[in-house]
Amino acid sequence: EYMGLGGRKLIVREDREAENVVESFVPQRRNQRNYQRAEDPAFGRQIHFGNLSYETSWQDLKDICRLCGDVERADIAFDEAGRSRGYGLVLFTTPGAAQRAINRFNGSTLQGRVITVKLDEFV
C-alpha cells in the first residue's frame, strides 16, 4: 500500500519473524573469515606495505624484502587507469621472514615516504 510523506511515496510491508528466515544475516567484522585462516598456506607469510610512493615498483619491494628472507612474490596494486594505489603485498617463504620484514620496515622511510608494514589480514 502506498502512503504519502512529504510528497514521496512509501511502500509499507509486513515485517516477518526471524524463524521464517533460513539463515539470519550477521555482519562479520573486517578481520573475521568463514574459514580458518591458519589453514591458508599464505597465512603469516604475506605482508602489506602501505603509503608507498607511486613510483615504487614490485621489483623495489622484492629487493628490499630480500634483506629479511626469501620472497616468493611481490605485487603493487594499480587502479583501472594503471596508476599505483600506494600499497603492495609481499609473500615470503616463511612466517619468520615476514615478521622480520615487519619489524625492520614498519615506520621506516622508502623513497621519501614513511611506510606502514603489517601482516596482511585479507589472506
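These exercises work through the sheet, helices, core and salt bridges of the structure above.

The model is predicted: local features need pLDDT of at least 70, side-chain atom pairs count only at pLDDT 80 or more, and totals for chains, interfaces and linings use all residues. Residues are numbered from 1 along each chain as its sequence is written, and side-chain values use heavy atoms, with hydrogens and water left out.

**Exercise 1. Lay out the sheet**

Task: Give the strand order of the open sheet of 4 strands, and name its edge strands.

Solution:
- Start with the elements. Strands (E, at least two residues) and helices (H or I, at least four) are DSSP runs, numbered from the N terminus.
- Apply the pairing rule. Two strands pair if DSSP finds at least two bridges between them.
- Read the order: 4-5-3-8, with antiparallel pairing.
- Find the edges. Strand 4 and strand 8 each pair on one side only.
- Add the twist. Neighbouring strands are turned by 20° against each other on average, direction ignored.
- Check one pair. Strand 4 and strand 5 run antiparallel and are joined by 6 bridges. Among the residues involved, Ala 74 has Val 90 in strand 5 as its bridge partner.

**Exercise 2. Place the helices**

Task: State which strands helix 1 lies across, and which strands helix 2 touches.

Solution:
- Set the terms. Contact means heavy atoms within 4.5 Å. Axes are lines fitted to C-alpha atoms, for helices over the stretch in contact; angles run from 0 to 180 degrees between N-to-C directions.
- Helix 1 lies across strand 3, strand 4 and strand 5. It runs at about 145° to strand 4.
- Helix 2 packs on the sheet and touches strand 3, strand 5 and strand 8. Its direction makes about 155° with that of strand 8.

**Exercise 3. Find the buried face of helix 2**

Task: List the buried residues of helix 2 (residues 95–105) and say why they line one face.

Solution:
- Buried means under 20% relative accessible area, exposed over 50%, partly exposed in between (1.4 Å probe, protein chains only).
- Ala 97, Ala 98, Ala 101, Ile 102 and Phe 105 are buried.
- Seen down the helix axis, these residues fall within an arc of 140°, so they line one face. The arc is that of the directions from the axis to the C-beta atoms.
- Their cover includes strand 3 (46–50), helix 1 (58–65), strand 5 (84–92) and strand 8 (116–119).
- Just after helix 2, Gly 107 takes a positive phi of about 85°.

**Exercise 4. Dissect the core**

Task: Which element supplies the largest share of the largest nonpolar core?

Solution:
- A nonpolar core is a set of buried Ala, Val, Leu, Ile, Met, Phe, Trp, Tyr and Cys residues joined through side-chain atoms within 4.5 Å.
- Of its 20 residues, Ile 47, Phe 49, Leu 61, Val 90, Phe 92 and Phe 105 touch the most other members.
- Strand 3, helix 1, strand 4 (71–78), strand 5 and helix 2 each supply at least two residues.
- The largest share, 5 residues, comes from helix 2.

**Exercise 5. Audit the salt bridges**

Task: How many salt bridges are there, and what does the Glu 72 to Arg 45 pair tie together?

Solution:
- A salt bridge is a side-chain nitrogen of Lys or Arg within 4 Å of a carboxyl oxygen of Asp or Glu.
- The count comes to 4.
- In the Glu 72 to Arg 45 pair, the closest N and O atoms are 2.8 Å apart. Glu 72 lies in strand 4 and Arg 45 in the loop between strand 2 (8–11) and strand 3, so the pair ties together parts 27 residues apart in sequence.
- Compare burial. Glu 72 is partly exposed at 42% relative accessibility, whereas Arg 45 is buried at 13%.
- Asp 79 and Arg 83 meet at 3.2 Å, N to O. Asp 79 is partly exposed at 22%; Arg 83 is exposed at 54%.
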